[in-house]
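Student: Could you take me through one part of this model in detail? I would like to start from a single residue and work outwards.

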Amino acid sequence: MPKTKKLHRVNRSSPIEVSKAINTGSSAKLKKKIRDIERLLTKNDKLPSDKKIEYERALKGLKVELQNSQTVLKTKQNATKYHMVRFFERKKAIRKLKQSRKAFEEVQKTEVRKDIKKARKQLKHGEIDLMYVLLFPKSEKYISLYPSANDEDLSDPNVKIGLRKTEARRLEFRKEVEKMMEEGKVPFTVDDILSGKKVNTDVGANARVAPAEEIDAPEQKEPESQEDDFFE
C-alpha cells in the first residue's frame, strides 16, 4: 500500500515539477527530475499508456534543457578563461588588417594586376582573421589564430595528433567564417568593427546550441543573446 500511495503522489505532481525544473534552468534540478522520471518509467510497468507517453515527452524536453544549460555554463567559463587571448588577438587582427588595407591602396596606384590580385587576397585573409576572432564559438575551447611557439615534445605521437586536430579545427572554422561572410550571414561588417561600433558577436556560438533532435514538448523561451562587452 505505501508503494501505491507514493506512485500516485508522483503522477499527480510531476507535470508541475517538470515545468518548474525547466523554468529554473538549474542543472542540478534538471538532473534530479530526469532521474525521477527515468526511475518511474523503469519501475512502474503498470503506468497508463497516455501517462507513459507524457513522461517520455517530458524526459526528452528535460534532456534538451539540460544540454542547453550545460552549454551556457561552458560558454561562461570559456568567456572568462580565454578573455585575454581573444582580446590581444583581436587587437593584432585589427592591426594586420589596417596594414593590409594600406598596402592594397598603395598597390592599386601601381596598376600592376598581379600585385593588386595578391594584395587583394591578403586583404581578404585579414578580414577573415578578424571575423574568426570575433565569431569563434564561445561554447568551445578557443583555438588561437596566432599560436605562439611552444616547446612541446613533437616526438610524442599524442602531441602530434593533438596539434593536427587543433590545426584542422582552426582551418575548418576559418572556412566557415569565409562562407558566412560570402553568404551575408554575419550581422555586422568589418568596417563596423574598425569604427568601434557595438556588435553582437554571438552568431558563431548560437549556431551550435540547437538541440540534436526535435522533440514533441512545450516550446520554451530562448535566452536573450548577450553582447560580449569584451568586444565593445
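Student: Which residues does Y142 touch, not counting residues up to four places away in sequence?

Tutor: Happy to help. This is a predicted model, so local features need pLDDT of at least 70 and side-chain atom pairs count only at pLDDT 80 or more, while totals for chains, interfaces and linings use all residues. Residues are numbered from 1 along each chain as its sequence is written, and side-chain values use heavy atoms, with hydrogens and water left out.

Leaving out residues up to four places away in sequence, Y142 touches Y82, V85, R86, E89, Y132, V133 and F136; contact here means heavy atoms within 4.5 Å.

Y142 also belongs to the largest nonpolar core, which has 29 residues. Such a core is a set of buried Ala, Val, Leu, Ile, Met, Phe, Trp, Tyr and Cys residues joined through side-chain atoms within 4.5 Å. Buried means under 20% relative accessible area, exposed means over 50%, and partly exposed lies in between (1.4 Å probe, protein chains only). The members that touch the most others are L130, M131, Y132, L135, Y142, F188 and I193. At least two residues of this core come from each of α4 (83-110), α5 (113-135), α6 (157-182) and α7 (190-194). The largest share, 10 residues, is supplied by α5. Helices are DSSP runs (H or I, at least four residues), numbered from the N terminus.

Now for the charged residues. A salt bridge is a side-chain nitrogen of Lys or Arg within 4 Å of a carboxyl oxygen of Asp or Glu, and the structure holds 15 of them. In one, the side chains of R169 and E140 meet at 3.0 Å, N to O. This pair links distant parts of the chain, with R169 in helix α6 and E140 in the loop between α5 and α6, 29 residues apart. R169 is buried, at 13% relative accessible area. Through shared partners, salt bridges join E140, R169, E172 and E176 into one network.

Another salt bridge pairs R101 with D191, whose closest N and O atoms are 2.7 Å apart. R101 sits in helix α4 and D191 in helix α7, so this pair ties together parts that are 90 residues apart in sequence. Both ends are partly exposed: R101 has 26% relative accessibility, and D191 has 43%.
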